[in-house]
Every structure is written in structure tokens, then in C-alpha cells.
Amino acid sequence: MPTIIIIAVISITAALLFYSVAVWWNWLTKRLELRHLILFWLGLATDLLGTAMMRSSVETVTYDLHTISGYTALALMVVVTLAGTYAIFQRNESILTSFHKFGLPVWFVWVTSWITGVVLGIQKF
């Protein structure tokens, strides 16, 4: 397996960890806090890094279930993270206390993409 793929897999797996802790911790507390947001940003950063590395390792992108769900999930995570950032810095209680209702469904979309990536990855290597 090429080194870039190994690093990308580690990065995407770190994103899974960061996103999962952020989403479920936020779900348990029912109020977005700065520590949750930091984990969302770490998840987004490692997700973007891993995705960019995966993209750079292929000549052309194949738009299959994994790719479409992956880019959709990544875009949704960008929106969720930016919305969380807005809520924290504006101290918007309405968003802070309802954020968990939006983060969890987006996380499920993201995990679906992660699982399809694992299945496809195992088939390739």
C-alpha cells in the first residue's frame, strides 16, 4: 500500500475519532461548548487532509456511492463546524442548545461514507 494512502487512512481515522467524540459529547450535554467545537475543527482538518491525500493518489475521481457520500458529508461537516463557530462566538443560545440535533444526523452521513471507504479500500488492497 502506498505511503500516501496509509497516511490518508490514519488521517481519516483520526477524523472519525474527533468527529465521533465531538458529536456524542455534544449530544450528551445538549449544549455546544468550545471544547466540542475544537474537536469538530480537528475532525474537519484531519478529514480535509485525508481527503486531499486520497484525491492526490488517483488520476481521476470515480463518482460512486463512497465519493458522493464522502464529499456530501465533508460539505455538511464544514457547514456544521462553521455554524458551531458562529454560535459560540455570537453566544447564540438557540443554536448552542439545539446544535446536537443537527450534528448527529450529519455524523451518520459521514460514518456511512467512512464505512463505504473501508469496504472499498479492503477490496482494493
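Which residues does Thr85 touch, not counting residues up to four places away in sequence? The views below start from that spot in a predicted model.

**View 1. Thr85 and its partners across the helix pair.** Leaving out residues up to four places away in sequence, Thr85 touches Leu37 and Trp41. Thr85 sits in helix α3, and with a relative accessibility of 17% it counts as buried. The cut-off for buried is under 20% relative accessible area, so Thr85, at 17%, falls on the buried side.

**View 2. Leu37, a buried residue of α2.** Leu37 belongs to helix α2 and, at 3% relative accessibility, counts as buried. Besides Thr85, what does Leu37 touch, once residues up to four places away in sequence are set aside? The rest of its list is Leu32, Thr81, Gly84 and Ile88. Val80 makes a handy marker for this view: Leu37 and Val80 are 43 residues apart in sequence, yet their C-alpha atoms are 9.8 Å apart in space.

**View 3. Helix α2 from end to end.** Here's α2, covering residues 34-56. Its 23 residues reach 33 Å from the first C-alpha to the last, close to the 33 Å expected at 1.5 Å a residue. Its buried residues include His36, Leu37, Leu39 and Phe40, then Gly43 and Leu44, with Thr46, Asp47, Gly50 and Met53 further along. Among the elements covering those buried residues are α1 (3-29), α3 (65-90) and α4 (93-124).

**View 4. Helix α3, shown the same way.** α3 has 26 residues and reaches 37 Å between its first and last C-alpha, close to the 38 Å expected at 1.5 Å a residue. Its buried set starts with Thr67, Ser69 and Gly70, carries on through Ala73, Leu74, Met77, Val80 and Thr81, and finishes with Gly84, Thr85, Ala87 and Ile88. The cover over these buried residues includes α1, α2 and α4.

**View 5. Where α2 passes α3.** The two helix axes come within 10 Å and cross at roughly 150 degrees. That angle is why α2 counts as roughly antiparallel to α3. The crossing is left-handed. By class, the contact of α2 with α3 has 13 nonpolar, four polar and two charged residues. On the α2 side, look for Leu34, Leu37, Phe40, Trp41, Leu44, Asp47, Leu48, Thr51 and Arg55. Facing them from α3 are Tyr71, Leu74, Met77, Val78, Val80, Thr81, Leu82, Gly84, Thr85 and Ile88.

**View 6. Lys30, in the loop leading to α2.** Most residues other than glycine have a negative phi. Lys30 isn't a glycine, but has a positive phi of about 60 degrees. You'll find Lys30 in the loop between α1 and α2. Is Lys30 buried, partly exposed or exposed? With a relative accessible area of 35%, Lys30 is partly exposed.

**View 7. Arg91, in the loop after α3.** Here's another residue other than glycine with a positive phi: Arg91, near 55 degrees. Arg91 comes just after α3, in the loop between α3 and α4. At 68% relative accessibility, Arg91 counts as exposed.

Key:
Residues numbered from 1 in each chain as written. Predicted model: local features only at pLDDT ≥ 70, side-chain atom pairs only at ≥ 80, totals over all residues. Heavy atoms only, no water. Helix = DSSP H or I, 4+ residues; strand = E, 2+ residues; numbered from the N terminus. Expected span 1.5 Å × (residues − 1). Buried < 20%, exposed > 50% of the residue type's maximum accessible area, 1.4 Å probe, protein only. Contact = heavy atoms within 4.5 Å. Axes fitted to C-alpha atoms, helices over the stretch in contact; angles between N-to-C directions. Parallel < 35°, antiparallel > 145°, perpendicular 65-115°, else oblique. Left-handed = near helix turned anticlockwise from the far one by under 90°. Nonpolar A, V, L, I, M, F, W, Y, C, P; charged D, E, K, R; others polar.
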